[in-house]
Amino acid sequence: MAHLRIRSHRYRRAGYTLLELAVASASSVVLVGGLASSIFIAAQSLDVTDGTLADARRANQILDQINHDLQSAVMLSELSSTAVTMSVPDRDGDNVPETIRYAWSGVAGDPLTKVYNGGTAVTVAGNVQGFSMEWISRFIEGVTSLPIILFVSSEASSGDDGLATPSAAEQDRIDVMEGWGYDVTVISQQATQVEFDSQLATANVVYVAGSVSSATLSTKLNAATIGVVTESFAHAETLGFYDSLVGYTDDRQTIHLTDTTHYITEGYSLGDLTIADADQSFKLTFATLAPEASILAVYHNALPLPNFAILDEGDELADASLAAGRRCQLPWGEDTFDVGQLNADGLIIMQRAVEWAAGAGDDTETTPSGVVFEEYTETQASSNTRDLTINVPSGYAADDLLIATVVTDGNEASSMTPPSGWTEIYLGENNNGRVTLGIWWKLASSSEPSDYTFDWSGNEEAYGWMMRFTGHNAASPIHDTGTTQGSSNTPSTVAVTTTEDNCMILRIGGFDDDDVSTGDAGMSGHTTITAEQSGSGSGTCSGAAAYAMLDAAGDSGTANFDLSGSGSEEFRTVTIAIEPSP
C-alpha cells in the first residue's frame, strides 16, 4: 500500500450526522439524552395562543411529535431557530428514507407547518405566537472536528509507518464514509502494534474491511478503547464475539432484525429488512456468542443464526475477558461484497454502526433479558422405524434448558418412551390416532452425551428435534402448558395464562402427512424454529415449532400454524410458557 489518505480540510455539508450531535457537548453525550434533559426548555418553545389548558396540551403533543421524529433521525440537513429538516428511516416500505421539515416563519400568528417528503405544507399548529429550535441547536455547540475513521485494509504497507493504499473494493467503502463527511485514515493489516497504537490515538473509530485476514491483523485491535466495526466474522472471533467460529456465507438481500431498540436498528420493524438491491454475500454462524453479546439480526427467522451483533465496553467476551471498547460485527463482508449494492436502509445501518461505535447512543444492556432460543438439532426418519436418535445441540452449557419433541405417523402414545432424565411436558395423539406428539424437557448437565434415543413399539415414520434455551428459571422453567387437537390446514394452538412477565410462548405442533412449508411454521407474530416432515408421500408426518415473547403477565392469546396443503390434516398442538430467570 502506498500512503495514508488524510483529509486535513473541512468538509462543507448540508447538515449534521447524529454522530456530530452525539459528541457536541460534554454534558450531553447523545442527542436523545439531550432532548430528554431539555424537555423543560422545549415545553416553553411553542406558544400557540393565549395559554389555555387545551392549547398547552396541544403544544405539548406537537413537541412530543417533533421529539419522536428527531429521536429516529439519521441526519439533519437544515437547522435554524425556526426550522429543522431531517431524514428518518423508511416508513412506507419503499426502502427510501423519509424527509420531514418543521418550520415557522417567525411572524406571530403564522402557522407551524410540516412538510413530508417534499409534499404540500400541512399546518400542525395555527396562530403560533412563538417557536424556537434553540433547545436543539444548543447541543451542536462544541463540535470542533470531523470524525476520523481508522480503516484497516488488506493491502500491504508501502513504508515504515504502516499506512496503505486501499484496494478498489475497500475504496468503495471509504468513498461512502467520506460522502458522510468523515475523514478516513488507511492502515495496513500488516502494520505493527506500535504503528496501530499511533493511529488509534487520533481516531474515533476503527473499520475493518471484510477482505482483511484475521490471522494477519490478529489481536492488534483487542485493547483499543475506541469502537471497532468489523465486516470479518473471523476477526469478530478474534475480538471475542465467538468461542470457536463456525461461519458460513450465503447470497441474499435481507437480514432478519431481532432487536429494534438499539441505536443502530431503532425505527425499523422486527423481521426481514432488505438492505441490498441485489444478492450479496451475507454471513451467518453456528458459533456460541460471548455471554454479553447482543444479536441485532439473524440470518433468517427459519434459521435464526447470528449474523449481526454488538458488544458494549466492559461486556464479557467469549474468553471471559472484558471488551475494551464498543464492538460491532456487521452482517456482510468478504472481498466480493459490493457496498454499492447497499440500498438506503443498508447505508443507514452501516452509518449508524460507525456512529454507535464512535460513541453515539446510550450504552446498552447487552445481556439477553428473558428466555432466549439458542439453537436446535433435528432427525428425520423417512422409513418405518421404532426409535429416533436426536443429537444434543452442541453449544449447551450446564443448566441450559433442553426441550425434545418427537412426532410419529400413527398412534404410539401408549408405548413411546423417553431416555432417562427427561421430564414429560406432553405425550398424546390426535383423537383418531393419525399422529402422536411427545414433548419432554431437561436441564443440561455439564457433560451431556452426544445424542438421546426415543423409542416406541410400532413401526412409523417420525420427525424429531431438540431445542436449547437460555435465560429461563432453572428451578421451574415450564410455567404453564395447554393442548388441543383437530383436523385443519391451519392447526390452532391454545392460549396459556402467565403470572410472570417476559415469558416465552413456545408453540409446538405435530401433523399427519407432509404438508408443512419447510422452514416456515406460518405463524403470524412468531419466530419459526423449525417446520419439517419425515419424508414425502403417504405414511408421513411433520412437525413445527415457533415462539413469541409475552412481555407482561397474562393471556398469551391463540395462534395458528399454516400448512401448505389445501386440505385438512389431523394435528395435535401444545402451547408452553417458559418462565424467565428471576
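Reader: Which residue caps the N-terminal end of α10?

Author: This is a predicted model: local features need pLDDT of at least 70, side-chain atom pairs count only at pLDDT 80 or more, and totals for chains, interfaces and linings use all residues. Residues are numbered from 1 along each chain as its sequence is written, and side-chain values use heavy atoms, with hydrogens and water left out. A polar contact is a pair of N or O atoms within 3.5 Å; within protein, one must be able to donate a hydrogen and the other to accept it, and residues adjacent in sequence count only if both atoms are side-chain atoms. Here a side-chain oxygen lies 3.0 Å from the backbone nitrogen of D345, and the cap is N343.

Reader: How far does α10 reach from its first C-alpha to its last?

Author: Helices (H or I, at least four residues) and strands (E, at least two) are DSSP runs, numbered from the N terminus. Helix α10 covers residues 344-357, 14 in number. The expected span is 1.5 Å times one less than the number of residues. That expectation is 20 Å, and α10 comes close to it at 20 Å.

Reader: How many residues of α10 are buried?

Author: Buried means under 20% relative accessible area, exposed over 50%, partly exposed in between (1.4 Å probe, protein chains only). The buried residues include I348, M350 and W356. α10 is mostly covered, and its buried count out of 14 is 12.

Reader: Which residue with a positive phi follows α10?

Author: Look just after the helix. The phi there is near 125°, and the residue is G359.

Reader: Which strands stand at the edges of the open sheet of 5 strands?

Author: Two strands pair if DSSP finds at least two bridges between them. The order is β25-β31-β27-β29-β28, with antiparallel pairing. Each edge strand has a single partner, so one side of each is left without a neighbour in the sheet; these are β25 (478-488) and β28 (527-533).

Reader: How many residues of β27 are buried?

Author: Strand β27 (residues 503-512) shares 10 bridges with β29 (residues 541-550) and 8 with β31 (residues 569-578). C503, I505, R507, G509 and F511 point one way, M504, L506, I508, G510 and D512 the other, and all are buried. β27 is therefore largely enclosed by the rest of the structure; of its 10 residues, the buried count is 10.

Reader: Which residue in β31 stands opposite M504?

Author: M504 sits in β27. On the β29 side, M504 stands opposite M549. In β31, the residue opposite M504 is I578.
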